[in-house]
Amino acid sequence: MTWSRDVFNAFNIPIFEYDCTVSTPAQTCEKCQFFPACMSSKELDKFPGRTAWTLKQAIEQSRMWDVPDRSLLMKMDIEFGEWSTR
């Protein structure tokens with residue numbers, strides 16, 4: 001199982017996945033929608049030549065701008081944010 005599928009199965013909510021480093025999601029689920037885009041700030045583009053959106057743009061693309069406050073759940077893998085375990 002994946003985090004996305006587990007969350008969908010637990011809460012029956014739509015899942016929006018963003019990753020500009022691959023062209024397809026690792027796994028899919030009934031209400032999962034994949035966007036080949038990465039999250040970035042306007043000031044810092046770590047993904048030259050690839051689609052990168054701000055959080056606001058990602059919310060607009062997923063059409064989740066009209067949801068109640070505190071109703072969005074986010075899990076984020078931060079590329080270039082990894083650290084060595086050595």
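In which segment is Arg63 found? In this predicted model, Arg63 is found in the segment after α2, the helix that spans residues 55–61. The backbone of Arg63 has a phi near 60 degrees, a positive value in a residue other than glycine. With a relative accessible area of 65%, Arg63 is exposed. Arg70 also lies in the segment after α2. For Arg70 phi is positive, at about 60 degrees, although the residue is not a glycine. The relative accessibility of Arg70 is 85%, so this residue counts as exposed.

The overall architecture comprises two helices and four strands. Along the sequence these elements follow the pattern α-β-β-β-β-α. The protein has 86 residues, of which 21% count as buried.

Strands β1 and β2 run parallel and are joined by four bridges. Within this pairing, Ile15 stands opposite Cys32 of β2. In a regular strand the side chains alternate between the two faces of the sheet. Such alternation is present along β1, where Ile15 and Glu17 point to one face and are buried, whereas Phe16 and Tyr18 point to the other face and are not buried.

Aromatic contacts were examined next. A search of the whole structure yields four aromatic pairs. In one of them, the ring centres of Tyr18 and Phe35 lie 5.1 Å apart with their planes at 10 degrees, so the pair is stacked. This pair links distant parts of the chain, with Tyr18 in strand β1 (residues 15–18) and Phe35 in strand β2 (residues 32–35), 17 residues apart. The two partners fall into separate accessibility classes: Tyr18 counts as partly exposed because its relative accessibility is 25%, while Phe35 counts as buried because its relative accessibility is 9%. Tyr18 also pairs with Trp53; here the ring centres are 6.1 Å apart and the planes stand at 75 degrees, so the geometry is edge-to-face. Since Tyr18 lies in strand β1 and Trp53 in strand β4 (residues 52–53), the pair ties together parts that are 35 residues apart in sequence. Trp53 has a relative accessibility of 16% and therefore counts as buried, the cut-off for that class being under 20%. Ring pairs link Phe16, Tyr18, Phe35 and Trp53 into a cluster.

The covalent cross-links were considered separately. A disulfide is a covalent bond between the sulfur atoms of two cysteines. One disulfide is found in a search of the whole structure. The bond joins Cys20 to Cys38, with an S to S distance of 2.2 Å. The torsion about the S-S bond of Cys20 and Cys38 is about -95 degrees, and the disulfide is therefore left-handed. Distant parts of the chain are linked by this pair: Cys20 is in the loop between β1 and β2, and Cys38 is in strand β3 (residues 38–39), 18 residues apart. Both cysteines are enclosed by the protein to the extent that they count as buried, with relative accessible areas of 9% for Cys20 and 6% for Cys38.

Ala37 is placed in the loop between β2 and β3. The relative accessible area of Ala37 is 1%, so the residue is buried. The C-alpha atoms of Ala37 and Thr51 are separated by 4.8 Å, although these residues are 14 residues apart along the chain.

On the surface, Trp3, Phe11 and Leu73 make a nonpolar patch of about 350 Å². Of these residues, Trp3 is located in helix α1 (residues 3–11). Trp3 has a relative accessibility of 38% and thus counts as partly exposed, a class that lies between the limits of 20% for buried and 50% for exposed residues.

How values were computed. Residues are numbered from 1 along each chain as its sequence is written. This is a predicted model: local features need pLDDT of at least 70, side-chain atom pairs count only at pLDDT 80 or more; totals for chains, interfaces and linings use all residues. Side-chain values use heavy atoms; hydrogens and water are left out. Patches are made of residues with over 30% relative accessible area and no salt bridge: like charges are joined within 9 Å, nonpolar side chains (Val, Leu, Ile, Met, Phe, Trp, Tyr) within 5 Å. Accessible areas come from the Shrake-Rupley method with a 1.4 Å probe; for residues, only the protein chains shown count as cover. A salt bridge is a side-chain nitrogen of Lys or Arg within 4 Å of a carboxyl oxygen of Asp or Glu. Buried means under 20% relative accessible area, exposed over 50%, partly exposed in between (1.4 Å probe, protein chains only). Rings of Phe, Tyr and Trp (its six-membered ring) pair if their centres lie within 6.5 Å; planes under 30 degrees apart count as stacked, over 60 as edge-to-face and the rest as tilted. A disulfide is a pair of cysteine sulfur atoms within 2.5 Å. Two strands pair if DSSP finds at least two bridges between them.
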